[in-house]
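Here's a quick briefing to keep beside the model while you look around. Grab a coffee and follow along.

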Amino acid sequence: MSNEFLISFIRKYATLTSLIVVICIFSLAEPRFFSLTNFFNITRQITVLFILGVAETYALISGEIDLSIGWVAGLAGILAVGAQADGSSTLVAILIALTVGLFFGLCNGFIVTIMGIESFIATLGLGQIAYGLTFLYTKGAPVIGLKQSFLKLASGKIFNIPIPLLIIIAIFLITDYHLRNTSSGRFFYAIGYNAEASLMSGLNIKILKILSFTITGLLSGMGGVLVMARLGSGQPTAGPGYLLNAIAVAYLGASVFKEGEFHIFGTLVGAVLIGTIINGLTILNVQYYYQFIATGLVLLIAVGLASMGRKK
Amino acid sequence: MSLQNQTTTVLKVSNISKRFPGVQALLDVNFSLYKGEIHAIAGENGAGKSTFVKTLAGLIKKDSGTIMRNNVSVKINTNLDATKLGISFVHQDFGLISEMKIAENFYLGRNFPTKKGKIQWHITYSETSVWLSKFGLSKINPREPTSTFSSAQAQIFTIAKAFSRNAEILILDEPTASLTSEEKDILFHSLLHMKDQGISIVFITHKLEEISEIADRVTVMRDGKVVNTSYVKDITVNDIIRFMTGKEVGAKYPKCNLALKDDIALQIRHLTSRKVKNISFDIYKKEIFGIIGLVGSGRTEFARLLCGVDPLESGEIKLFNKSIKFHNIREAIENGICLVPEDRRIQGLIMNFSVCENTTLAILKRLCYGFLSHIDKRKERKITQGFVDKFSIKAQNIDQKVKFLSGGNQQKVVLSKWLSRKVKMLVLDEVTKGIDVATKTEIYKILNKLAEKGMIIIMISSEVPEILGVCNRIGIFYKRQLQGILEAKKTNEEEILKFMFGRSGV
């Protein structure tokens with residue numbers, strides 16, 4: 001009995017516990033780690049990861065996968081930087097990025113639902129196109145000319161609170177509310193769990209899938225803006241690197257509380273966990289390459305613990 | 001039913017117990033199996049039948065108790081242990097790889113390699129053919145993929161495969177659940193054949209008439225305990241039901257409503273699609289209309305057509321004197337036509353959703369308010385609780401996921417999902433499949449009440465007694481056409497079967 005209790009406890013809280021353990025280890029090893037300044041540092045570092053993680057979470061909830069988010073974020077970000085370099089205001093630049101993300105999300109949705117191509121392939125293809133367009137536009141060179149107001153998205157503060165933290169909170173509140181409290185949010189889960197039963201219950205699966213891909217695209221566009229703001233210039237290769245970590249973050253999130261169920265709080269925990277590890281290792285002056293090994297191990301351990309005892 | 005070997009006990013189980021979190025699934029189960037007998041296990045959903053046979057097959061680890069195989073104490077901790085002891089468990093979904101050829105599936109992992117490791121395909125194919133013909137599947141080509149099998153063929157194939165691996169004890173978990181009556185006959189024939197060879201067979205069933213048809217002994221389980229084991233010849237179906245429920249049996253089928261013959265509720269004229277041809281009939285107010293037919297006769301296809309799942313080519317549907325048209329499921333639902341589909345786990349419910357989330361799935365948009373379309377959770381819970389009380393749905397609470405409910409309760413949730421809307425016509429496809437006797441009767445009563453209140457009820461079933469007991473009139477499908485309509489009171493099983501096999505002329 002106590003054994004069963006232990007297993008169910010581990011399955012529920014493994015990811016949260018590992019986060020706490022990681023924080024404790026780093027705090028003991030390096031006093032500078034556990035400070036408000038460093039906390040703000042971490043939020044700055046995980047903003048993009050969290051937003052793209054949320055983007056991927058939407059796709060995964062609806063029973064699909066979106067491999068294009070990193071490339072779409074890159075293209076959207078670079079076009080925003082380009083627009084600003086050509087004299088656009090920051091607001092217009094952001095709107096351009098969001099539109100690009102939205103457009104690619106819509107295209108993904110149409111290709112998957114209307115043409116019936118599997119999302120794995122559809123988004124891989126469209127992502128490659130986005131990457132190609134990024135290089136066509138930049139000719140491979142960084143784009144410069146960002147204004148202060150654009151850069152402030154990553155480094156500014158409002159009432160002494162970093163803007164990235166405010167963005168994280170806003171995105172968290174909106175998407176969490178949407179997925180838990182609105183009909184379309186619940187329908188996304190429904191079609192992801194069982195498309196056939198959803199269809200038989202009268203849900204319009206195609207529209208819902210397109211909507212979900214569009215939200216993913218929109219969030220990718222937003223992620224693109226913040227990547228470039230953080231880097232200070234338009235880097236054509238900045239986006240794609242986020243894809244795998246975004247997927248990892250979403251899956252880490254699915255191991256929080258309920259096994260195999262994607263949700264926004266979980267994605268947030270996942271992003272914080274990975275962000276904390278990278279930050280801590282950097283502070284401890286651990287060689288950069290170990291970060292990959294550490295994040296890989298954490299992903300395997302957390303998801304492994306959460307699925308422990310499943311098949312017995 | 002000769003029992004020449006009845007004295008040899010091949011398997012003896014003593015005091016097996018198993019606890020799952022929160023439930024005592026098995027408590028001190030005692031069970032014995034004779035050589036060459038067919039031993040049925042009956043019980044309501046959740047009685048522990050599946051858990052019990054799975055412990056025998058090593059798929060579930062028991063907490064305590066002993067198992068004796070041929071009077072030797074044995075340990076069965078894994079499925080491999082069971083296989084080595086000659087115990088073979090046939091999965092409900094047969095465990096076949098549908099893309100692979102029949103012979104490859106048959107000899108999976110053991111196909112006649114040469115010394116160098118190359119598979120000798122000609123032997124594999126010919127050996128498979130020999131085995132198949134022993135089990136009455138001689139027409140099957142072992143080079144075809146297993147996806148060409150019907151359910152019965154897959155079932156028999158799996159049994160043949162187990163037999164070819166020297167199984168001496170065969171365990172079947174509801175083998176007839178998805179079979180038509182003729183497929184069932186083929187299966188039973190091969191079971192009797194195996195029995196004659198001295199194989200012992202344990203099989204779980206929900207269909208009590210099958211027990212007297214084929215089993216030598218029956219063990220009834222209730223709440224994780226064995227209530228009774230006796231020879232089938234010494235026990236009646238009513239006894240079995242009493243043991244299963246612990247209660248005296250009432251009438252299995254409720255009394256039918258009187259149909260109002262002057263009042264036509266539904267008119268169907270020349271309905272045609274790719275799957276059915278020229279169907280025309282009327283349904284009167286307050287009656288329950290049954291539809292029966294063999295697999296492939298078009299009964300399920302007709303239901304899908306009527307509910308907008310498959311497209312209509314021509315024909316007219318008049319609902320309460322109003323001609324209606326729809327092009328997809330959504331429009332059919334908007335017109336008040338709802339389908340309780342054949343497979344509740346795949347088509348009817350979202351297993352990972354709670355009772356509440358499933359119940360309100362079809363009305364969720366109406367429960368939302370405000371600019372942000374916020375779900376009114378209080379209203380949602382109130383509606384669900386109403387159905388849980390009304391249909392006495394057994395769940396821990398309305399937030400429990402439906403995958404943890406028994407089949408009968410799941411089906412009640414599917415009904416709740418539709419009845420939360422204004423339904424004019426409810427089409428039910430095999431609504432009581434795999435559901436225990438007591439819940440079946442409850443569902444019949446619900447349907448009766450709905451019909452009484454004026455809802456058109458069309459019930460599709462492959463079980464003749466059920467359709468005779470529940471429906472006022474019965475439409476029989478044969479080769480994609482309506483072969484005839486019979487009044488339940490004026491007909492009998494035999495006549496219905498004749499129609500089902502295409503012999504309409506009396």
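**A starting point in chain B**

F281(B) is a handy place to begin: this residue sits in strand β12 of chain B. Keep in mind that you're looking at a predicted model. From F281(B) we'll move to its surroundings, then out to the whole chain and the contact with chain A.

**Around F281(B)**

- Is F281(B) buried or exposed? It's in between: F281(B) has 15 other C-beta atoms within 10 Å, so it counts as partly exposed, given that a buried residue needs 20 or more and an exposed one has 12 or fewer.
- Setting aside neighbours within four places in sequence, F281(B) is in contact with I268(B), G475(B), L482(B) and I485(B).
- Q267(B) is 14 residues away from F281(B) in sequence, and their C-alpha atoms are 6.2 Å apart.

**The sheet that holds β12(B)**

- Strand β12 belongs to an open sheet of four strands in chain B, ordered β12-β11-β14-β15 and paired antiparallel.
- Why do β12 (279-285) and β15 (322-324) of chain B each have one side without a neighbour in the sheet? They stand at the edges with a single partner strand each, so one side of each stays free of a neighbour there.
- On average, neighbouring strands of this sheet are turned by 30 degrees against each other, ignoring direction.
- At one end of that order, β14 (residues 314-319) and β15(B) pair antiparallel through three bridges, with L319(B) standing opposite K322(B).

**Strand β21(B) and its partners**

- One of the contacts of F281(B) is G475(B), and G475(B) is also one of the residues of β21(B).
- How much of β21 (residues 473-478) of chain B is buried? Six of its six residues are, so to speak, tucked away, making the strand mostly covered.
- In a regular strand, side chains alternate between the two faces of the sheet. Here R473(B), G475(B) and F477(B) point one way from β21(B), while I474(B), I476(B) and Y478(B) point the other way, and all of them are buried.
- With β13 (residues 288-293) of chain B, β21(B) pairs in the parallel sense over five bridges; G293(B) stands opposite F477(B) in that picture.
- With β22 (residues 481-487) of chain B, β21(B) runs antiparallel, joined by six bridges, and I474(B) stands opposite L486(B).
- The hairpin of β21(B) and β22(B) has two residues between the strands, and K479(B) there takes a positive phi near 45 degrees.

**Chain B as a whole**

- Chain B has 17 helices and 22 strands.
- Its radius of gyration is 25 Å, close to the 23 Å from the globule rule for 506 residues, so chain B is as compact as a globular protein of that length.
- The C-alpha trace of chain B spans about 70 × 50 × 50 Å along its principal axes, and 46% of the 506 residues count as buried.
- Of the contacts in chain B between residues at least 6 apart in sequence, 68% join residues at least 24 apart.
- The chain is divided into domain 1 (9-96 + 149-245), domain 2 (251-336 + 426-506) and domain 3 (348-421). The C-alpha centres of domain 1 and domain 3 of chain B are 35 Å apart.

**Where chain A meets chain B**

- In this pairing, 16 residues of chain A are in contact with 25 residues of chain B.
- On the chain A side, the elements giving two or more residues are α8 (183-193) and α9 (195-200), with α9(A) supplying the largest share, five residues.
- That side of chain A breaks down into five nonpolar, eight polar and three charged residues.

Terms used:
Residues are numbered from 1 along each chain as its sequence is written. Chains are lettered from A and ligands numbered from 1 in the order in which they are written. This is a predicted model: local features need pLDDT of at least 70, side-chain atom pairs count only at pLDDT 80 or more; totals for chains, interfaces and linings use all residues. Two residues are in contact if their C-beta atoms, placed from the backbone, lie within 7 Å. Ala, Val, Leu, Ile, Met, Phe, Trp, Tyr, Cys and Pro count as nonpolar, Asp, Glu, Lys and Arg as charged, and the others, Gly among them, as polar. Domain bounds come from an automatic or database domain assignment. Two strands pair if DSSP finds at least two bridges between them. The radius of gyration is taken over C-alpha atoms; the globule rule is 2.2 Å times the number of residues to the power 0.38. Axes are lines fitted to C-alpha atoms, for helices over the stretch in contact, and angles run from 0 to 180 degrees between N-to-C directions.
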